[in-house]
Amino acid sequence: MSDAALSAEQHRPAEPAVLDDVPGWFWDHDRHLFEWFLARQEKAGITGDLMEMGAYLGRSAIVIGGHLQPAETFTVCDLFDSDAPDDENAAEMDMSYRKTLTRSAFESNYLSFHKSLPEIIQAPTSTLAGGRVPAGAFRFIHIDASHLYEHVVGDLQVARVALEPQGVVVMDDYRSAHTPGVAAATWEAVFNHGLKPIVLTECKFYGTWGDPEPAQRDLLDRVGLAEGCHLSTESLNGQQVLRLGGGSEGIAPFRPSRHYDRLAAEAGRREVEEARREALRVQEEAADDLAVRRARAAERRRPTNVAKRVAGDLLPPVVTSAIRRARRG
């Protein structure tokens with residue numbers, strides 16, 4: 001294998017068997033809520049396109065893509081391995097993503113779970129503004145791109161125009177200590193631009209520019225909600241806000257990838273081979289131990305050693321000591 005081929009092989013993304021094999025930060029509660037909101041829309045006959053701004057290596061995009069209905073489109077916008085539009089954004093990427101984030105890795109992960117790719121826009125999310133995406137055409141938008149305040153404000157403005165009246169927007173990192181720009185932009189949209197919170201998790205904010213109460217009623221009635229999820233109610237400036245926490249009991253795992261059966265079979269063969277090698281090692285150690293014990297026993301049975309032991313047992317100690325001194329001296 002050439003050096004170039006070896007380098008390409010070393011950097012080839014690992015094939016995921018299950019969703020958790022895809023690198024990223026997307027926890028069970030949020031995966032459950034993504035599927036809850038998307039399935040609720042589908043059951044209600046609501047149609048519309050889907051969008052993700054900032055995809056990293058595809059863990060959340062894979063889940064969103066699983067709810068794509070006929071005649072809908074799924075748009076993913078991310079810089080991937082392109083240059084950032086400004087120095088501040090470049091520094092943010094260099095600190096967190098630059099070494100691992102590539103479009104090819106995203107595509108490989110996504111195609112492990114789906115037959116075709118979403119529509120990919122490899123560019124800053126700012127390119128979505130100014131009519132790039134049709135107004136009122138989207139039912140679900142996940143924003144997880146730049147954490148810089150100015151960029152998040154722009155992403156929210158795009159989402160406000162792009163979402164249909166009852167569409168849902170999800171904000172990642174709305175409360176993390178290292179992303180104050182996301183928090184500032186999110187709550188500014190709530191207090192000044194009509195965004196209404198539906199439910200909050202530890203990591204994500206779920207809201208709408210429509211009426212949040214129907215979704216909140218279904219959540220409080222536990223319609224389709226996993227048994228381990230706990231809800232509490234808060235009041236924020238006269239608006240009801242739900243908080244979701246608890247355990248992950250009842251949250252079904254996401255379906256496995258198309259590689260699952262092969263990877264599981266390969267893992268099974270590796271386990272059998274490792275067990276075989278371990279059994280051989282134990283047998284070899286036992287054989288070595290037996291050989292050592294047999295050698296020691298043979299040594300003890302040598303005539304000179306037998307005579308020494310007999311002399312030691314029969315002669316008085318004074319005589320035995322005198323013999324030993326004579327041999328040394």
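Which residue in β9 does Cys-229 stand opposite? In this predicted model, the residue facing Cys-229 is Gly-246 of β9. The pair belongs to an antiparallel arrangement in which strand β8, covering residues 229-236, is joined by eight bridges to strand β9, covering residues 239-246. Two residues separate the strands, and the unit they form is a hairpin. Within the turn, Asn-237 has a positive phi of about 55°.

A helix pair was examined next. Helix α6 (residues 149-162) and helix α7 (residues 180-192) have axes that come within 8 Å of each other and cross at roughly 35°. The crossing of α6 past α7 is right-handed. On the α6 side, the contact is made by Tyr-149, Val-152, Val-153 and Leu-156. On the α7 side, Gly-181, Val-182, Ala-184, Ala-185, Thr-186, Glu-188 and Ala-189 take part. Sorted by class, the residues of this contact comprise eight nonpolar, two polar and one charged.

Two individual residues were considered in further detail. Lys-204 lies in strand β7, which spans residues 204-208. Lys-204 counts as buried because its relative accessibility is 1%, under the 20% cut-off for that class. The side chain of Lys-204 is joined to that of Asp-172 by a polar contact of 2.6 Å. A polar contact of 3.0 Å links the side chains of Lys-204 and His-142. Both Asp-172 and His-142 also appear among the residues that Lys-204 touches when those up to four places away in sequence are not counted. The remaining residues in that set are Phe-26, Asp-30, Phe-34, Val-170, Met-171, Tyr-174 and Val-199.

Leu-101 is located in a loop, between α4 (87-96) and α5 (103-111). With a relative accessibility of 4%, Leu-101 counts as buried, since the value falls under 20%. The C-alpha atoms of Leu-101 and Phe-80 are 5.7 Å apart in space, while the two residues are 21 residues apart in sequence. Phe-80 is also one of the residues in contact with Leu-101 once neighbours within four places in sequence are left aside. The others in contact with Leu-101 on this basis are Tyr-56, Leu-57, Asp-78 and Asp-81.

Methods
Residues are numbered from 1 along each chain as its sequence is written. This is a predicted model: local features need pLDDT of at least 70, side-chain atom pairs count only at pLDDT 80 or more; totals for chains, interfaces and linings use all residues. Side-chain values use heavy atoms; hydrogens and water are left out. Helices (H or I, at least four residues) and strands (E, at least two) are DSSP runs, numbered from the N terminus. Buried means under 20% relative accessible area, exposed over 50%, partly exposed in between (1.4 Å probe, protein chains only). A polar contact is a pair of N or O atoms within 3.5 Å; within protein, one must be able to donate a hydrogen and the other to accept it, and residues adjacent in sequence count only if both atoms are side-chain atoms. Contact means heavy atoms within 4.5 Å. Two strands pair if DSSP finds at least two bridges between them. Axes are lines fitted to C-alpha atoms, for helices over the stretch in contact, and angles run from 0 to 180 degrees between N-to-C directions. A crossing is left-handed if the near helix is turned anticlockwise from the far one by less than a right angle, and right-handed if clockwise. Ala, Val, Leu, Ile, Met, Phe, Trp, Tyr, Cys and Pro count as nonpolar, Asp, Glu, Lys and Arg as charged, and the others, Gly among them, as polar.
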